[in-house]
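Colleague: Could you walk me through the aromatic contacts here? I would like the reasoning behind each label.

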Amino acid sequence: MREALGSFATGVTVVTVARPQLHGMTANSFTSVSLDPPLVLVCVNRDAVMHGSVVAAGSFALSVLAAEQAQTARHFADRARPHGAAQFAEVRWRPGGCTGAPLIEGALAWFECELWRTYDGGDHSIFLGRLLSARSRAAEALVFFSGRFCRLARPG
């Protein structure tokens, strides 16, 4: 199953929360759900620190990574990284205006959400976030395909 799913190229995000302490996690299970109301979803393993953090915070932010941010993706995927604010020490970020959650500088897009609903997704929870704010910029995207990070050029 993992090999077959690897043939589906995905964008790469870092999901963050501000409370109960700063925390970030790389995720590629992110998508839009609805325009009215504006909803997005992210799936988080029930055993991940991020799972309890999203539930406790009641909000989260997502930074869609740009092509040159593969190291940032690796950093937030590394389970051995420091905990709390220390994991952001070498990453440029700013607090989101709505949630206070870290928004990664240089990303392609930023979303801030309040937790709207949570659904059972087997060993993951499906968190639906109601959009509080969204911004984007033009640049090449970081994608994950066949077990590797790749660049995706903007069309046109």
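Modeller: Gladly; we will go through ring pairs, burial and charges over a ring.

Modeller: Keep in mind that this is a predicted model. The structure holds four aromatic pairs.

Colleague: Why is the pair of phenylalanine 76 and phenylalanine 88 called tilted?

Modeller: Their ring centres are 5.1 Å apart, within the 6.5 Å needed for a pair. The planes stand at 45°, and neither under 30 degrees nor over 60 applies, so the pair is tilted.

Colleague: What makes this pair a tie between parts of the chain?

Modeller: Phenylalanine 76 belongs to helix H3 (residues 70-77), while phenylalanine 88 is in the loop between H3 and strand E7 (93-95), so the pair ties together parts twelve residues apart in sequence. Both phenylalanines, 76 and 88, are buried. Together with Trp93, Phe76 and Phe88 form one aromatic cluster.

Colleague: And why is the pair of phenylalanine 144 and phenylalanine 149 called edge-to-face?

Modeller: Here the centres lie 5.3 Å apart and the planes are at 65°. The cut-off is over 60 degrees, so this pair is edge-to-face.

Colleague: How do you know whether phenylalanine 144 counts as buried or exposed?

Modeller: Neither word fits: its relative accessibility is 30%, and buried means under 20%, exposed over 50%. Phenylalanine 144 therefore counts as partly exposed. Phenylalanine 149, at 25%, also counts as partly exposed.

Colleague: Which charged ends sit over the ring of tryptophan 110?

Modeller: That of arginine 94 does, 5.3 Å from the ring centre, and that of arginine 135 does, 4.7 Å from the centre. Both distances are within the 6 Å cut-off.

Key: Residues numbered from 1 in each chain as written. Predicted model: local features only at pLDDT ≥ 70, side-chain atom pairs only at ≥ 80, totals over all residues. Heavy atoms only, no water. Phe/Tyr/Trp six-rings, centres within 6.5 Å; stacked < 30°, edge-to-face > 60°. Helix = DSSP H or I, 4+ residues; strand = E, 2+ residues; numbered from the N terminus. Buried < 20%, exposed > 50% of the residue type's maximum accessible area, 1.4 Å probe, protein only. Lys NZ or Arg CZ within 6 Å of the ring centre and 35° of its normal.
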